[in-house]
Amino acid sequence: MPDALPTIGEALRNGARFLKESETPQLDARTILKHVLRADDSALIANADSRLGADDYKRYLKLLDRRAAAEPVAYIVGEKEFWSLPFEVTPDVLIPRDDSGALIEAAIKRRDKNEPLQIADLGTGSGCLLCALLTEFPKARGVGVDRSEAALAVARRNATRLGLAERAGFVAGDWLAALSGAFDIVIANPPYIPQGDKAGLSRDVAAYEPPGALFAGKDGFDAYRSILKDLPCYLAKGALVLMECGADQADSLAVMLADIAPENAIFTFCDLANRPRGAGFDLRKAEKKD
Ligand SMILES: C[S@@+](CC[C@H](N)C(=O)[O-])C[C@H]1O[C@@H](n2cnc3c(N)ncnc32)[C@H](O)[C@@H]1O
């Protein structure tokens with residue numbers, strides 16, 4: 001990196017070159033510079049020939065170093081967009097993934113927007129799934145559960161920032177154990193990576209994201225087993241259950257769901273890239289028997 005103060009355009013180009021190990025060097029450099037300058041994309045473009053101040057440049061270089069050490073950009077800037085909503089993220093929470101939008105789409109497809117639904121989000125993390133659902137279902141209320149108090153603090157702040165605090169509660173507990181009542185939608189993105197797959201994860205994920213949000217025993221299905229054991233007691237009549245899983249897990253998860261739901265109510269769903277992303281059941285679809 002040059003010693004003289006660069007223009008915004010130069011800083012972006014040099015930053016992207018510096019981050020050559022990243023899969024998205026331009027985007028990373030741009031996101032970090034926007035964060036440092038508290039600017040948006042159009043401001044960067046309009047001021048491409050303006051020179052950075054010394055303090056801003058120093059901070060930019062420091063944050064680029066963190067990214068070069070594989071720290072995810074979302075943790076560096078403290079924010080990640082999900083479902084077009086801004087979410088605070090800290091190292092205590094999983095970074096929301098665009099692919100998890102498949103869960104929100106699956107809910108929107110199956111329920112009317114104006115239904116006064118009761119929602120439970122198991123393993124809420126940043127609260128991204130619950131908050132996205134509450135913005136899509138304006139008459140719904142929901143509760144997010146996590147065993148991590150630190151994650152719940154982030155989720156509460158996110159709900160407040162998005163103006164959803166009155167409709168969103170957050171409780172600490174082991175999956176459903178802390179809840180009472182019956183829910184119209186149960187959504188969950190639990191840990192699902194087999195412990196043995198740790199070595200195959202990218203450094204961004206393995207070194208920085210909370211292990212308690214990633215791993216679920218030898219085969220990756222421990223969390224589903226724990227949740228499904230208690231789930232029937234928490235389902236309202238005609239409930240919808242949506243669970244995220246890994247691309248190669250959807251069929252096995254669907255088989256597990258068949259232990260607690262009629263076969264014709266069970267479905268799998270895909271993400272934007274058309275990879276299997278989850279399984280669930282819709283008890284409204286269950287065959288009526290005479
Ligand atoms: C894969 S992350 C999902 C976070 C968020 N829902 C999302 O989609 O970005 C799984 C979450 O489950 C939580 N978790 C793990 N085991 C749990 C348990 N036994 N009870 C409650 N939450 C748990 C973790 O702390 C983590 O926040």
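In the predicted model, Thr-7 touches Ala-48, Asp-49, Ser-50 and Arg-51, residues up to four places away in sequence being left out of the count. Thr-7 is found in the segment before helix H1, and it is classed as partly exposed because 14 other C-beta atoms lie within 10 Å, a count between the limit of 12 or fewer for an exposed residue and that of 20 or more for a buried one. With respect to Met-256, Thr-7 is separated by 249 residues in sequence and by 57 Å in space, taken from C-alpha to C-alpha.

Helix H1 itself spans residues 8-18, and its buried residues are Ile-8, Ala-11, Leu-12 and Gly-15. Viewed down the axis of H1, these buried residues fall within an arc of 100°, and they therefore line one face of the helix. This arrangement may be read alongside the geometry of the α-helix, in which there are 3.6 residues a turn, so that residues three or four places apart point the same way. The partners against which the buried residues of H1 pack are helix H2 (25-37), helix H3 (41-46) and helix H4 (54-68).

Attention then turns to the strands. In strand E3, which comprises residues 118-122, 4 of the 5 residues are buried, so the strand is largely enclosed by the rest of the structure. E3 runs parallel to E4, to which it is joined by 5 bridges; within this pairing, Leu-122 stands opposite Val-145 of E4, and Ile-119 has Gly-142 of E4 as its bridge partner. Together with helix H7, the strands E3 and E4 make a right-handed β-α-β unit. E3 also pairs with strand E6 (residues 183-188), again in the parallel sense, over 4 bridges, and in that pairing Ala-120 is placed opposite Val-186 of E6.

Strand E4 is likewise largely enclosed by the rest of the structure, since 5 of its 6 residues are buried. Besides its bridges to E3, E4 pairs in the parallel sense with strand E5 (residues 168-172) over 5 bridges, and Asp-146 has Ala-172 of E5 as its bridge partner. The connection from E4 to E5 passes through helix H8 (residues 149-161), and this β-α-β crossover is right-handed.

A further set of contacts to E3 and E6 is made by helix H10, which covers residues 222-230 and whose buried residues are Ala-223, Tyr-224, Ile-227 and Leu-228. These buried residues cover an arc of only 120° around the axis, which puts them on the same side of H10. They pack against E3 and E6, and also against strand E7 (235-244) and helix H11 (250-257).

As regards the ligand, 21 residues surround it, and the closest of these are Gly-123, Gly-125, Arg-147, Asn-189 and Ala-213. The elements that contribute two or more residues to this shell are helix H7 (128-136) and strand E4 (141-146), both of which also belong to the right-handed β-α-β unit that begins with E3. By residue class, the shell around the ligand divides into 10 nonpolar, 8 polar and 3 charged residues.

Terms used. Residues numbered from 1 in each chain as written. Predicted model: local features only at pLDDT ≥ 70, side-chain atom pairs only at ≥ 80, totals over all residues. Near = placed C-beta within 6 Å. Nonpolar A, V, L, I, M, F, W, Y, C, P; charged D, E, K, R; others polar. Arc of directions from axis to C-beta. Contact = placed C-beta atoms within 7 Å. Pairing = 2+ DSSP bridges. Right-handed = clockwise from strand over helix to strand, strands pointing away.
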